[in-house]
Amino acid sequence: MPSTQRLRQQQGADPTSPTAAAARRRRLRADQARQLADLLRQQVLGGAFPDGALPHEATLCADYRASRNTVRQALDLLRAEGLVERVPGVGTVVVAEKYPHALNRLQGLAETLHEHGRVSNEVRTVGPVVAPACVAERLGVPDGNEVLYVERLRRLGGLPLSLDLTYIPLDIGVRLLGADLENTDIFRLLEELTGQPLGTAEITLEAVNADAHSAAVLQAPRGAAVLMLERLTHLSDGRPVDLEFIRFRGDRITMRGLLHRSL
């Protein structure tokens, strides 16, 4: 048996058959739809449609040299993300806004989003806890020591935006117990209490699935993807002072930064 025929049998289909050709066309259209969705998403988030309406499908077909099926599939992807919706008699309109969170500046959430409205904090838990070993190591406190644990639900314009879990060395944290945690960023309070500015922060950003508790608090679908930001913040003298695990609703926040290349 010729080697090419054996390969086709192993692959389970003849790549020259009409069925295989149709599958390739579907894959190609899906790739093109994803590429178009990426371009349209960037424009939606960048405010390229100030009236809230995307161009008609025929215009998108002409502008991007795409078929109508590809355009509709791309719009379906954005609709599944909750960014746009189809309105009869109007067309496709923007129905959600994502807020930009800078990754190249060390700021609290209220400082970062002050142009978009007031950030409010619901303090769900606050008090001393025995530091887990990994937390003690990151904060540079002895094993078995207590730290201040703070859990806050943060809202912008009344909508849940993030769930913040924060650990602070107790010698500093105890002074936060009487502070206005509902209306003030912890960053600002730390600088006031220590008399030092914050210096640097180590961050890790990844996508995780929301557990049942987080989803309920954030009013997000269970299992929905959330952006998890782990951040260890230091005072200007280098002391680690704030370890945070922040779950952002991925449909309401977008991370942005300016990076410089150095070799």
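**Figure 1. Lining of the largest pocket in the predicted model.** The lining divides into 6 nonpolar, 4 polar and 2 charged residues. This is a predicted model. About 160 Å³ of space lies in the largest pocket. One run of its lining reads His101, Ala102, Leu103, Asn104, Arg105 and Leu106. Gly199, Thr200, Ala201 and Ile203 also line the pocket, as do Leu229 and Arg231. Strand E3 (99-102), strand E7 (198-209) and E8 each supply at least two lining residues. The largest share, 4 residues, comes from E7.

**Figure 2. The largest cavity.** A search of the whole structure for cavities of 30 Å³ or more finds 1. About 100 Å³ of space lies in the largest cavity. Its lining holds 16 residues, of which Gly108, Leu109, Arg154, Arg231 and Glu244 are the closest to the centre. By class, the lining has 6 nonpolar, 4 polar and 6 charged residues. Arg231 also appears in the lining of the largest pocket.

**Figure 3. Elements around the cavity.** Four strands each supply at least two residues of the cavity lining: E5 (146-156), E6 (159-169), E8 (225-235) and E9 (240-249). Helix H8 (186-194) does so too. E9 gives the largest share, 3 residues. H8 lies across E5, E6, E7, E8 and E9. Its angle to E9 is about 170°.

**Figure 4. The open sheet.** Which order do the 6 strands of the open sheet follow? The order is E4-E5-E6-E9-E8-E7, and the pairing is antiparallel. Strand E4 (119-130) and E7 stand at the edges. Each has a single partner strand, so one side of each is left without a neighbour in the sheet. From one strand to the next, the twist averages 15°. Strands of a sheet pair through backbone hydrogen bonds.

**Figure 5. Pairing of E4 with E5.** The two strands pair in the antiparallel sense over 11 bridges. One residue pair serves as a marker for this view. Thr125 has Glu151, in E5, as its bridge partner.

**Figure 6. Surroundings of Leu109.** Leu109 sits in helix H5 (residues 109-112). Is Leu109 buried or exposed? Its relative accessible area is 5%, under the 20% cut-off, so Leu109 counts as buried. Neighbours within four places in sequence are left aside in the contact list that follows. Leu109 is in contact with His101, Val119, Arg154, Leu161, Ser162, Asp185 and Phe248. Among these contacts, His101 is also part of the lining of the largest pocket. Arg154 belongs with Leu109 to the residues closest to the centre of the largest cavity. Leu109 and Leu156 are 47 residues apart in sequence. Their C-alpha to C-alpha distance is 9.7 Å.

**Figure 7. Two loop residues with positive phi.** Most residues other than glycine have a negative phi. Arg65 is not a glycine, yet its phi is positive, about 50°. Arg65 lies in the loop between helix H3 (57-64) and helix H4 (68-80). Its relative accessible area is 81%, so Arg65 is exposed. Gln219 is not a glycine and has a positive phi of about 55°. Its place is in the loop between helix H9 (212-218) and E8. Gln219 is exposed as well, with a relative accessible area of 54%.

Technical notes:
Residues are numbered from 1 along each chain as its sequence is written. This is a predicted model: local features need pLDDT of at least 70, side-chain atom pairs count only at pLDDT 80 or more; totals for chains, interfaces and linings use all residues. Side-chain values use heavy atoms; hydrogens and water are left out. On a 1 Å grid over the protein atoms alone, a cavity is a set of points where a 1.4 Å probe fits but cannot get out, and a pocket is an open set with protein on both sides within 12 Å along at least five of seven lines; lining residues have an atom within 4 Å of a point. Grid points are joined across faces, edges and corners, and a volume is the space filled by probe spheres set on the points. Ala, Val, Leu, Ile, Met, Phe, Trp, Tyr, Cys and Pro count as nonpolar, Asp, Glu, Lys and Arg as charged, and the others, Gly among them, as polar. Two strands pair if DSSP finds at least two bridges between them. Axes are lines fitted to C-alpha atoms, for helices over the stretch in contact, and angles run from 0 to 180 degrees between N-to-C directions. Contact means heavy atoms within 4.5 Å. Buried means under 20% relative accessible area, exposed over 50%, partly exposed in between (1.4 Å probe, protein chains only).
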